[in-house]
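Please read the sequence alongside the picture, and then work through the questions below one at a time.

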Amino acid sequence: MIEAGKGESSSMYYADSILKKLKESRQVVIFGAGLVAVQAANCLMSRPYQLQIDYCIVSELNENPGYITGIPVIELEEAGRIVQKDVLILIATMEKHLRSIQDILRKYGFFNSVPLTFESDLWSEIQGNYYREHWMMQKEPYLILEEELAGISEHDTKGNSVIRVYTVRSHMDKQAGEDISRYLWETPIQAGEALTKRQICEIKDNTGDNISYKNRQYCELTALYWIWKNDYSDYTGLCHYRRHFELDSKILKKLPYSDIDVVLTIPILNFPSVREVYRHDHIERDWDIMLEAVRKLSPEYLATAIELQNGNYYYGYNMFIARKEILNSYCEWLFPILSYCERNCGVKEDTYQMRYIGFLAERLMSVYFLHHREEYKIAHARKHFIS
């Protein structure tokens, strides 16, 4: 439970309804003991939440630790005996395990669970409160897009400024599991069109100056390259067919008439550090080559890259919206570094790790905007993940 008098914070903004449930719950329990559970536990035990987590539950102990961040890890069978059946269980795992975990929890009589999975909107928003509090304590601004645009009226947006946010599509996309009509303001772009004969979008990344043929390694960045070279809007941005900015056309219309330079998603929390989590999920040598590229090509950014790798957060998904001149400057900096990595990291056998350029670029995007955080006004927007 939240310790008396310590859980309230003037910086709370996101996820009010679930936070109310957490405050009222007699016990707080996490399902999971892996990296996602570690991130969630560290976040929820810190300000502004300061929750006491009673247990972390796993199906079987096996190779799981006995404790994570001081919280006892117990098997489901034991939880069935000692944990209250109406407890709110936060499922802190990867998305692919969610349904099977919910099924097994029900078998043990636990029907009150909430997905706090890695991609979930709730986990993103809980991190948002954490960062707003953390940066406030560091006397740094954590700006929320809706708040920053609140003072701009429809009358103030009478002009000719053009903003275009592209949503990256692929011929291999799976069917969306929900209605996505609220994102009709996005402009679809087909990435990797050079690798298929199947056309799914009017705009394709293999026209004009492009690197469409590199899509298997560069992922959504082949679309970003196309935007850099071929789009001339005042503001441009990038999202994905499964990851969208939780905005609408009214909010978006205000952006060119504000003093905001860049819109990013809520940062992703990494414990014990960004580098350690990358090493766990990907190939550590690639990280070292990325640092080598920064040192050789843009040495003035190296201190920020070291700060990022030793820190606890980064901006994910290569999602951002920015003034076009900033997007241009970012791409002029980014793509030479990625080319260096491409030449030196080697071919990957695994199809997932083959996307290493896209993974490295997420961290490089963070390096770039953190390096310019005093120069650019950066606001944060919610992200919605379509499962």
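**Questions on a predicted model**

Q: Is S212 buried or exposed?
A: This is a predicted model, and in it S212 has a relative accessibility of 0%. Buried means under 20% relative accessible area, so S212 counts as buried.

Q: Where in the chain does S212 lie, and which residue has its backbone nitrogen 3.1 Å from a polar atom of the S212 side chain?
A: S212 belongs to the loop between β10 (203-204) and α7 (215-218). Leaving aside neighbours within four places in sequence, S212 is in contact with several residues, including G192, A194, D205 and T222. The backbone nitrogen that lies 3.1 Å from a polar atom of the S212 side chain is that of E193.

Q: How many residues of strand β11 are buried?
A: Strand β11 covers residues 235-240. In a regular strand the side chains alternate between the two faces of the sheet. On one side of β11, Y235, G237 and C239 are buried, and on the other side T236, L238 and H240 are buried, which leaves both faces covered. The number of buried residues in β11 is therefore six of six, by the cut-off of under 20% relative accessible area.

Q: Which strand pairs with β11 in the antiparallel sense?
A: Strand β8 (residues 163-169) is joined to β11 by six bridges, and these two strands run parallel, with V168 standing opposite H240 of β11. Another pairing of β11 has four bridges and is antiparallel, and there L238 stands opposite F320. The antiparallel partner, which spans residues 320-323, is β16.

Q: Which helix gives the most residues to the largest nonpolar core?
A: In soluble globular proteins, nonpolar side chains tend to be buried together. The largest nonpolar core here has 119 residues, and among those with the most contacts inside it are L145, L224 and F369. The helix that gives the most to this core, with 12 residues from the segment 324-345, is α13.

Q: How many residues does the second, separate core have?
A: This second core is separate from the largest one, and its members include V29, V87, I101 and L105. Its number of residues is 14.

Q: Why does the radius of gyration of the chain agree with that of a compact globule?
A: The chain has 387 residues, and a compact globule with that number would have a radius of gyration near 21 Å. Along the principal axes, the C-alpha atoms fill a box of roughly 65 × 55 × 40 Å. The radius of gyration agrees with the globule value because the chain has 22 Å.

Q: Which proline follows F271 through a cis peptide bond?
A: One cis peptide bond runs from R47 to P48, with omega near 10 degrees, and P48 lies in the loop between α2 (35-44) and β2 (55-58). The peptide bond that starts at F271 is also cis, with omega near 5 degrees, and it leads to a proline in the loop between β14 (268-269) and α10 (274-281). That proline is P272.

Q: Is K139 buried or exposed?
A: K139 is placed in the loop between α5 (121-137) and β7 (143-144), and its phi is near 60 degrees, a positive value in a residue other than glycine. Exposed means over 50% relative accessible area, and K139 has 76% relative accessibility, so K139 counts as exposed.

Technical notes:
Residues numbered from 1 in each chain as written. Predicted model: local features only at pLDDT ≥ 70, side-chain atom pairs only at ≥ 80, totals over all residues. Heavy atoms only, no water. Buried < 20%, exposed > 50% of the residue type's maximum accessible area, 1.4 Å probe, protein only. Pairing = 2+ DSSP bridges. Core = buried A, V, L, I, M, F, W, Y, C linked by side-chain atoms within 4.5 Å. Polar contact = N/O pair within 3.5 Å; in protein donor to acceptor, adjacent residues only side chain to side chain. Contact = heavy atoms within 4.5 Å. Rg over C-alpha atoms; globule rule 2.2 N^0.38 Å.
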